[in-house]
Structure formats: C-alpha cells, structure tokens
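Colleague: Could you take me through this structure step by step? I would like to begin with its overall layout.

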Amino acid sequence: MLPAEIWAIAVAGLILLASFAFLGTTSKALNPSASLAERMTVDGLTGLGAISIGAFAIGCFNFSSTWLQPALGIMALVGVFRLRAHLPKVWKLADDWRLLAPPLAIASFVVLLLAVAGLTEPAGTIAHDGIYYHLLGPVVWVRTGIIKPLADCFPTAYPSLVETLFAFCLILKSKIAPSLIGVIFFVALLVLVWSCCRVLEAGRQTSAWVVAAVALAPLVNCTVIEYFVDVPLTVFALAALRFAIAGPSAIVATAVMCGFAMSTKYTGSITTAVTLISMLVFLGKSPGLLIGRFLPVVCFVGCPWYLRNWIELGVPIYPPPGVVQRLFMSASAVPAGYFDEFFRFSAIKGGGMGGGFGNLILLPYQFTYFTDNFAGAGGFGLVPLAFGPIGIWQSRQRPEVKFFVLWATLLTLIWFVSDREARYLIPGVIVLFVLASKGLQYCFASVKRQTRVLAWSVLLIPMIYGLAYLISVDSPRVLALLSAEQRATYFEKNVLGADLFAYINSSDEVRSVLVTAPRSNSWPTFVAYYLDKPYVRVRGELFGELPLLPIRTNEEALKHVKQLGVTHVITEKNLDVSSYPLHLVFQTPIGRIYQVNKDDVKVEHATKSQLDERSEP
Amino acid sequence: MAMKSFRVIIGIEWWLAYVLVNFVAINLLSIHTVSNLIKLPSWGH
C-alpha cells in the first residue's frame, strides 16, 4: 500500500479519535439498557458535529492549519484518554454471536469493501456532485484560509458540517480521507439501525439481518464514498429519533442531533420539523418543553450556516426559492432570473415518476421497483415493502411505531411534493427498514415452513443482487489501487482533461487560471476541483452562476484577461490568439491551455508532444 | 390476534410471493412490462 493511503487512514482515524473526546456526553440521555456501541456512536456523532461547527465558526474568519492541527491533536489525545476506559468492554462478545455472525460478517464485508475502494483519489466528471461541489468548497477554503461560499458554485453555500470535516482532511494533506469520513458515518448508520430495531424489541438476529440488508442497499451504500452528505444526514436524523423515543430527559440530545441534521443539508430542516410534529403528536412531549428547550437548542446548533448566508449573501437559504428571495433580497441584488437555471436543473432531477394522487398511491411500488427513475440506481431491496406493513400492523399499538410511521409518512409527503430524488428519501427508507424488523421477525418465527422460506428469499435474493451491484460499482476503484497502470486507466476514464490539470498543477509559470465556460451545457467541461492553483470561472457550468459580473461571456472575459489577474486560460475551444493577449502553451484533444502574454515575452506555441520531448532529460 | 387480522386481509405468503415475483421479473429478468401481466396500468421504467 502506498503512503498516501496509509496517511488517509491515519487522518480519518485522528478525526474519529478527536470525536471520541465527547464520549459520555449525549449518551447519558439514553436508557441504561442502551449498548456500548450505541453510546459510543451517538457520542462520536456529537463529537464530529461539535468539532465541525466549532471549526466553521472560527473558519469563517480564519481557517488555517496553524490552529486547526494543534486543536485536532489535543482533541484526539483527549479522545484516546476517554476511549481507554471503554476499550475492554468493546471486545466483549455477545452470547449469541454465532447466530449474529453471518449478517454481521456481510455488513463488515461491505464496510471493508467501501473503505478499500475509498482509498482511491477522487475522480469524476461534472456529473459527479460529490466532486463538483462537496469537495470543491473545502479545496478552496483550505487554499484561501477562509470558509466562504464560492461565487461560481451555488452549492458551496449549503450547510456544510460534513464538508468542513472534508476540509480537515485536506488541511492534514489527505485528498483520500474524505471518503473514509463517509465510511465512518456509514458504520454509525448501521449501529443506529441496530439500535432502533432493538428499541422496537426486534430480536438480535433479526436486527442483525436488517443491518445487513441496509448495508447492501445500493441506494444507501453507493453514496458513502462519493463525498455525498445523504448518509450523514440520515445518521443525524436517525440519532434524533433514537433520542426522541428514549424519554423526556433526552429532549436536549434530540435537539442537538436535529441541529446537526440542519447543519448537514437543507433537508435537515425538514427532518427536524417532522421530528418536532411527530413528538408532539405521539410521544406526549409537552409543547412547553419543546418550545422552551428543543427549539432554542436546535436553533443554536443548526443556525451557523444559515446565519452566515444571511450575513454574507443576504438570505439564509442560498440559492433562495422564490418566496425566500422575495422576503430577504432586494430586486436589484442579483440579475433577474439568476437562480432559474439552478431550480430548473433541480426540477428535472427531482421529477421522479411524476406527481399527482395516482403516483402517490403507487409510490411504494414505483419507488421500490423503479428506484432508478428517481435517480437512485440499484434500489434498496425488498425489506421495507415486504415486511414494513407486517411490522407496522403487528406493533401498531406501540407509541414508538406510531411515531416512526408518522415521521416517515410526513417526510415522504414533503419529499413527494418537492424534490423526488431517491437519495433525499434515504432517511424515510431507513425508518421503514427499522419498522420492517418486526415483520421480518414475525415471518422468521412462523410455524409455516413456506412463510419462513419466502421470508428468507425476500431478504436474501435482493441482498445478493445488492452485493453484485456493489462489487460492479466499486471494483474499478479497488483495481485502481492494485497497479499504476490500472490507476492511470481509471483516472483517464473519470477525469476529463487530466493532462491539462497535470500541466497547470506542475508548472511554476501558472499562478492563477481562467476557466472558460463550455459552448453549451452538453459540452464536456473542466471540474475546478482538480486545479491546485487559484482560478476564476466565467460561468458556473451546471447552474449558470456569473461570478465575474458584469462579465457574462467568454469573449468579454478573454478581452479583460489581464485585468482579471490570471496568468493562464484553460478552455476546450481553439481561441483566435490574434484577438486576445494570449498564446498557446499546451494542448490535448480535450482542451488547450493559453498563457497570458507578458509584454516582453516571445509568443511561443507548443503541442503536448513537443512539451513531452522538452521535459525529457 | 393482530396478525390473524392481517392474514384475513391478505395472506402473508401471497404478499411475500407477490413482492418477490415482481422483483425477479423486473430487476433480474428485466421484464419491465410486468404490470401488463397483472393487468394494471403501465407504470413504465
């Protein structure tokens, strides 16, 4: 294994250890019967959330390794100290470990495969949201030493609890570690699924099989090492539910987790609202308690990103939906229709299989079998659809079940009328997995042999399908680790213009770059994440941002290229150098790099082959 | 008792078989017109 991979494991481990500095905090609100794994998970999540929010609050003014590295180091030491007391208990085996071994081995295999596949460096085109913006923000924050939304990429203004953790990895010089942060959240999700199943009094073996089914659900595991934040959001939402059913003493811990969910993704505000309503309706929480203790804590923990947006961009939710824009922004703040492309893009992605009452009734069927139509290739197996109704019916008198059902129903309804993209409904799907555990247990315990055979078939056949899907998706990344040749093939296939980026990143002459806009939305474009040098873009490729206003076009930008302060231009076009103060320095079939003329520099043209020859000794 | 009522409404074995047959037909055999086989509106893919 290469040192970069070992360093990535060390960096992710350091962040995990730092989170354990919070051992013994929120877990105190859990019932005494809660397992050690549950306690460590919720405390670790508290640590990850608190560290990220703290770093964000300071990072808005100064985000540098000068204070971050020592702070993380000290927290990791505290984490080690606190962990020392727990370690002997961690290794204690359950009495019925033989029954639990098969499902837990499956879940462990998935975690291991994801962790290994995640050891490749990020590679993807503009279609890869994880690289296009979840990683782009952290890269620029670390480069500029301040956490700030990027004018050329709207989504970098989203709440970014997880992205701040990615930025820690980059500050600690690891581009690989962010995918391992995803794996840490994935493990936390599996523990919490187990925990919630056990709260509903599902058996240990059944709960373990539900955990294995979640682990092998492509909809869930395919986002884990792709730098998405849907699994972390689900983890915080599920932790909030776990605390909500733990009793009145856990109200503050519930609020903390809801705040973290809001800090992870805008849709965390929806899960928080739904949690609040469900607690009011079914868990007998008094409105006074919720208003007096829950809401203030949620606002305190969840508000930093929204407050930053309000101060810096004039609106707490950015890009603002129409109503929010009218409420907070003056008409002249941005050009008319500035956000139209963003919302048009979201509407296309979130179309699903259509709205209307008929599609709502058919949703369980459509979403289970045709998840790909909701941009969720691979689906999530059959456990929620097959065993969910049985589990709900069997335990319908339990307040926790009513709470979960209302929570999942409200979330699904809001999802259905807003943005019907599959990964946004992962929290609802996971709650259905939990509810299904009781149904699965009933079928496993049936006296009728055909019921048991069918139950195992419904559980295992989609799991085999999920395993095949997972291996087919992640094997190119694992293979890329095995040899330099495989790695080169992998990057050539997944990074558009890798040669161009290599030239820019290795050349001392390049100090800053202008990235031109592609000629149309269907034209391949360069992802700024791969640039190690400062850059400006004429136009955001996906959402039409105009960071250089009043400059709107490539031609205007190229005419003013000297005033923009860039030294080079990267473009897929062949530019007319007689019209602009530029000369060609590097070209490949994908694109070209032009250098801005210095007054005393002789214009020089070179092809890739000439440059290769020149670089040879 | 609760599960007896469930069985009256829909037999569990029939329900599980229905869920599984749909999965095998749609995902493994790629019979995307399974909805036509069971005389339901075409739900497409």
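Modeller: We shall go through the domains, the contact between the chains, and one sheet. This is a predicted model, in which local features need pLDDT of at least 70 and side-chain atom pairs count only at pLDDT 80 or more, while totals for chains, interfaces and linings use all residues. Residues are numbered from 1 along each chain as its sequence is written, and chains are lettered from A and ligands numbered from 1 in the order in which they are written.

Colleague: Which domains does chain A have?

Modeller: The assignment gives domain 1 (3–318 + 350–472) and domain 2 (496–615); such bounds come from an automatic or database domain assignment. The centres of these two domains of chain A, taken over C-alpha atoms, are 40 Å apart.

Colleague: How many residues of each are in contact?

Modeller: In chain A, 12 residues of domain 1 are in contact with 13 residues of domain 2. Contact requires that the C-beta atoms of two residues, placed from the backbone, lie within 7 Å.

Colleague: And which elements of domain 1 give two or more residues to that side?

Modeller: They are helix H5 (129–134) and helix H6 (136–144) of chain A. Helices (H or I, at least four residues) and strands (E, at least two) are DSSP runs, numbered from the N terminus. H6(A) supplies the largest share, three residues.

Colleague: Moving on, how many residues does each chain give to the contact between chains A and B?

Modeller: Chain B gives 16 residues and chain A gives 22. On the chain B side, helix H1 (2–9) and helix H2 (12–28) each give two or more residues, and the largest share, 11 residues, comes from H2(B).

Colleague: Now the sheet, please. What is the strand order?

Modeller: Five strands of chain A form an open sheet in the order E2-E1-E3-E5-E4, with mixed pairing. Two strands pair if DSSP finds at least two bridges between them. The edge strands, E2 (535–537) and E4 (582–587) of chain A, each pair on one side only.

Colleague: How does E3(A) pair with strand E5 of chain A?

Modeller: E3(A) and E5 (residues 592–596) pair in the antiparallel sense over four bridges. His568(A) stands opposite Gln595(A), and Thr571(A) has Arg592(A) as its bridge partner. With E1 (residues 513–515) of chain A, E3(A) pairs in the parallel sense over three bridges; there, Val513(A) is partnered by His568(A).

Colleague: Are the residues of E3(A) buried or exposed?

Modeller: His568(A) and Ile570(A) point one way, Val569(A) and Thr571(A) the other way, and all are buried. Buried means that 20 or more other C-beta atoms, placed from the backbone, lie within 10 Å of the residue's own; with 12 or fewer it is exposed, and in between partly exposed.
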